[in-house]
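Got your viewer open? Let's take a walk through this one together, one selection at a time.

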Amino acid sequence: MNWFHWFANPARFMRLAARLQPWIMVLGLATGAAGLYYGLFDSPPDYQQGETVRIMYVHVPSAWMAMFVYTMMAVAAASFLIWKHPLADVAAQAAAPIGAGFTLMALVTGSLWGQPMWGTWWVWDARLTSVLILFFLYLGYIALVNAFDDPERGSKAGAILLLVGAVNIPIIKFSVDWWNTLHQPASVARMDGPAIDPSMLLPLMLMAAAFKLYFLYLLIVRMRGELTARRIRLLRLSDAA
Amino acid sequence: MNAFLAIVRRDLSLALRQGSDATMALMFFVIVVTLFPLGVGPEPGVLERISAGIVWVAALLAAMLSLDRMFQSDYDDGTLELMLLAPAPLELLVLGKCLAHWLTTGLPMLLIAPLLGLFMNMQADAFPVLLATMALGTPVLSLLGGIGAALVLGARRAGALVALLVLPLTIPLLIFGVSAIEAAVTGQSSKAQLLIIGAMLLATLPLAPWATAAALRQAVS
């Protein structure tokens, strides 16, 4: 638990984040560029889906991120409520709009892929519906956090809502196994190895790494902004007093 | 246990004395359902096709409308703080409040649902299943709604916000409630759907009061 509290100091976090930020950007740009090159030029079209398979290199990483960000926010909410970790709440609030963006992107790219492949923009199957619910949960959280005059109260109410909404995450993950859905079942994270060709797995993994780095970069930018805003608010309050 | 019964009795007598509050959700339920035959046209085939969905959606909306009664007045007049100080666990008191809420909104809606099914031309053999889904589902609405009602205490525009928070969580209930009725209409067994709704009730019964109590503690402190 020692390191856990060591990082809880906002000033220490700010210094570390400032140092890490350019590295994350460089790494993210590099993996993103490589992933786009392999995804768009140096990977074969699918024998059934043709060129539309390339939508997968954006769709799957954003869907992973949609779930990852919510899980991260739920863990942050738990550590905020249990240990009163001061940065956890900042992280959850900073991550929420980014996660909502990833979720929207997964829904939109999935819809663009569904039109030529399934012949419809949208079906009400379990996977699509549960991801749509996830999107609403993100929006609900953002609305709740901003609905109070006292920001502290908004943080705590939001944290409880995040933990309640976490029920949805396993439902999304296993929806393709529990229900007979139009959405295909998992083909990368499987017990007997990925069922996807290495030539397509490489760009997918590169894009997934790029998305994660992009998220980290944005998270740091937003957290630094939020911490600075809090400091300004404190200074103003102490000035007024 | 005494505290639990005392809370239920108190909330029930409060609801009975301010009668209009309790019947408001019920009237809303009835009016929303009656709007549909007028809106989509009174053709029996169309109405029968959408009846299960309309009744369930209207029940969800009516339940949302009744949620602000649940903790708001206790929060405003300080009763909530006394409940927090009471020796009985807050979770138990919350469960009592949810039960009282269900008795004043869920149960009346359940009783009037067959009449609305009749309005919507629902087949007679779907009525027992409609009642079963409502009997299992409306307590889940009260329990989930309790979480939302506790979270938005003191928020601006709390009434709209609580619907925004709770409605996404009730979507599974809506899906299985409606598909149970549709299975009954097409002559299949709706046991599986009813079992899932029952499982939702069994899961929310212990977990929701816990989350609600946590939210209430944050709201008051």
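First, a term for the road: two residues are in contact when they have heavy atoms within 4.5 Å of each other. You're looking at a predicted model, where local features need pLDDT of at least 70 and side-chain atom pairs count only at pLDDT 80 or more, while totals for chains, interfaces and linings use all residues. Residues are numbered from 1 along each chain as its sequence is written, chains are lettered from A and ligands numbered from 1 in the order in which they are written, and side-chain values use heavy atoms, with hydrogens and water left out.

**Stop one: A:Arg224**

Select A:Arg224, which sits in helix α8 (residues 198–240) of chain A; helices here are DSSP runs (H or I, at least four residues), numbered from the N terminus. Which residues does A:Arg224 contact, leaving aside neighbours within four places in sequence? They are A:Met14, A:Ala17, A:Ala18 and A:Gln21. Now pick A:Val90 too: its C-alpha atom is 9.3 Å from that of A:Arg224, though their positions lie 134 residues apart along the chain. A:Arg224 is partly exposed, at a relative accessible area of 28% (buried means under 20%, exposed over 50%, partly exposed in between, with a 1.4 Å probe and protein chains only).

**Stop two: A:Ser155**

Hop over to A:Ser155 in helix α6 of chain A. Buried or exposed? A:Ser155 counts as buried because its relative accessibility is 3%. Show A:Phe80, A:Asp89 and A:Gln93 as well, since A:Ser155 touches these, not counting residues up to four places away in sequence.

**Stop three: where the chains meet**

Colour the two chains separately. Here 19 residues of chain A are in contact with 21 residues of chain B. Together the chains bury about 1700 Å², 72% of it on carbon and sulfur atoms; buried area is the accessible area (1.4 Å probe) that two parts lose on being put together, summed over both.

Next, select B:Arg156 and A:Asp149, whose side chains meet in a salt bridge (2.4 Å, N to O). That term means a side-chain nitrogen of Lys or Arg within 4 Å of a carboxyl oxygen of Asp or Glu. How many salt bridges does the rule find across this interface? Just one.

**Last stop: B:Phe29**

Finish on B:Phe29 and show what it touches, not counting residues up to four places away in sequence: among them are B:Val55, B:Ala58, B:Met109 and B:Met134.

Key:
Helices (H or I, at least four residues) and strands (E, at least two) are DSSP runs, numbered from the N terminus.
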